[in-house]
Amino acid sequence: MNQQLTFDTAFSELKKLVNQIEDDEIQLDTLAEKVNEANELIQFCESKLRTIKTETAKQS
Amino acid sequence: MPTPQKLSTLINEIDATIRNRFAGNTFWIKAEITDVKKQPDKQWCFLKFIEKDGNTITTEMKAVFWSNAYYNIVAFEKETQQVFVSGLEITCNVRVRFHKRYGIDLEVLEIDFAYAVGKLELERKQILDRLVRDNPAIQLLSNGNYATPNKQALLPTVFKSIALITAPNSDGQRDFNKVIDHNKYGYAFAVTPFLTTIQGDTASLLILQQLQLIAASKIHFDVVVIVRGGGSDIDFKSFNDYELAKTIALFPIPILTGIGHDRNTSIADLMARQLKTPTEVATFILENNMSFEREIEILKERFFYSIDKALKEAATALTGYRQRVKNLHPTTILNKGFAIVKMNNKIITNPQNINTGDEIQVILKTETIYSIITKKLKNEPTTNI
């Protein structure tokens, strides 16, 4: 997964997946892949909320 | 030389003269106070009234609050939100006293709070007017609030890195950390303290310097929190300072203030996002992160609900296809009493390909009948199938 993922990008990626699945735009073949992607995004948000990464550089 | 008189004779005359002129009278005066020495345990306060011409003191008089009037000082601090200290100008009711040993002084009987509050209000209004006049980015809105770049700076989706300006070991710091540390949701925050005095004459400059440190820091901060502990109901002076208010208004990182109580709104509060107490600021931060997590939860539920639905639909469709395939299978058809007609091992679907005399095979469920065509007739609507 992208190392530069932020809360905002994770949220919008997840939202995109939800919209795709709700609009029947996902092929059954790729379903497993999408589920994995969604799980990773959710996991990212939930764990990032609960851990501190010491940030040494300013994000602009 | 005439015979000298005793000191007491002269002083008695002075005493009598003063008494004659001032006894039973009180006077309203307006003056600056200095050398204020409060003795809360005894309920006394010694001070001096002065009047200046520029920086030169031209008039000076000792004064005192005795215990019967001391409540005025307590009330003054409560009403005006500022400490009764040297440098203030007050309006008060006094009585002239003369003591043969300690000399002349003024006994303060009452302070005019309305004057003090009015004066503060005027100063406050002047500072607010100046902020708007000299800084085009600061605007007074029709609802009485102020629009500032700081208030318009977007809050992050999630708060993680917090710069905390507060006094060391203060109630404010404790109250804030109590909510943030070990919160029941398990959210982690990186709180960097910027500790300084936040009360007193130099406080506004010290707070301003902390803001400059934050702006120059290598650490990225999502938010700056300025909190002041409970208990200190007075002395908001530093938060009404023009330079500090201006710096806050123009500061690029969102600032949350928790420096007062219900009835206190300082100018600094008006320039940033104001919450009442350190606890409220911390709760606001937690709730922001909670609401983000809730949105993620909702997306998660929607996603897996739809995945579940898609899989169920696919399974239902598959069952349907299987049934249709089964229904169409030749065995199913033969079981129902239909037959298959073949000629030269090919299924005949078009009777035109068959002529009288041809040999065909009629395949039934259990046997195949070989027959020669003797007659062909077109089906009529009345033909009984």
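Two strands are said to pair if DSSP finds at least two bridges between them. That criterion underlies the hairpin with which this tour of a predicted model begins.

**Stop 1: the first hairpin of chain B.** Select β1(B) and β2(B), which form a hairpin with 4 residues between them. Within the turn, display B:Gln43, whose phi is positive, at about 65°. Strand β1 covers residues 27-39 of chain B, and β2 covers residues 44-53. The two strands run antiparallel and are joined by 6 bridges. To locate one position along this ladder, select B:Lys38 and look across to B:Cys45 in β2(B), which stands opposite.

**Stop 2: the other neighbour of β1(B).** Keep β1(B) selected and add β4(B), residues 89-99. This pair is likewise antiparallel, over 6 bridges. Here B:Lys30 serves as a landmark, with B:Thr91 in β4(B) as its bridge partner. In a regular strand, side chains alternate between the two faces of the sheet.

**Stop 3: the barrel.** Now extend the selection to β1, β2, β3, β5 and β4 of chain B. Taken in that order, these 5 strands make a closed barrel, and their pairing is mixed. Neighbouring strands of this sheet are turned against each other by 55° on average, direction ignored.

**Stop 4: the strands around β13(B).** Move along chain B to β13, residues 340-343, and β15, residues 359-363. These strands run antiparallel and are joined by 3 bridges; select B:Val341 to find B:Val362 of β15(B) opposite. Then add β14(B), residues 346-347, which pairs with β13(B) in the antiparallel sense over 2 bridges. In that pairing B:Lys342 stands opposite B:Ile347. The hairpin of β13(B) and β14(B) has 2 residues between the strands, and B:Asn344 takes a positive phi near 50°.

**Stop 5: the side of chain A that touches chain B.** Display both chains and select the contacting residues: 25 in chain A and 22 in chain B. On the side of chain A, the elements that give two or more residues are α1 (7-22) and α2. Helix α1(A) supplies the largest share, 9 residues. By class, the residues on this side of chain A divide into 15 nonpolar, 4 polar and 6 charged.

**Stop 6: a helix pair across the interface.** Select α2(A), residues 31-49, together with α9(B), residues 278-328. How do these two helices lie against each other? Their axes come within 11 Å and cross at roughly 165°. Because angles over 145 degrees count as roughly antiparallel, α2(A) is roughly antiparallel to α9(B). The crossing is left-handed.

Show side chains next. From α2(A) the contact is made by A:Leu31, A:Val35, A:Ala38, A:Ile42, A:Cys45 and A:Leu49. From α9(B) it is made by B:Asn289, B:Glu293, B:Ile296, B:Lys300, B:Phe303, B:Ile307 and B:Ala310. Colouring the contact of α2(A) with α9(B) by class gives 10 nonpolar, 1 polar and 2 charged residues.

**Stop 7: confidence.** Finally, colour chain B by pLDDT. The mean is 91, and 97% of the residues of chain B reach 70 or more. For the complex, the predictor gives an ipTM of 0.86 and a pTM of 0.72. Where pLDDT is low, the predicted coordinates should not be read in detail.

Note on methods
Residues numbered from 1 in each chain as written. Chains lettered and ligands numbered in written order. Predicted model: local features only at pLDDT ≥ 70, side-chain atom pairs only at ≥ 80, totals over all residues. Axes fitted to C-alpha atoms, helices over the stretch in contact; angles between N-to-C directions. Parallel < 35°, antiparallel > 145°, perpendicular 65-115°, else oblique. Left-handed = near helix turned anticlockwise from the far one by under 90°. Contact = placed C-beta atoms within 7 Å. Nonpolar A, V, L, I, M, F, W, Y, C, P; charged D, E, K, R; others polar. pLDDT = per-residue confidence, 0-100.
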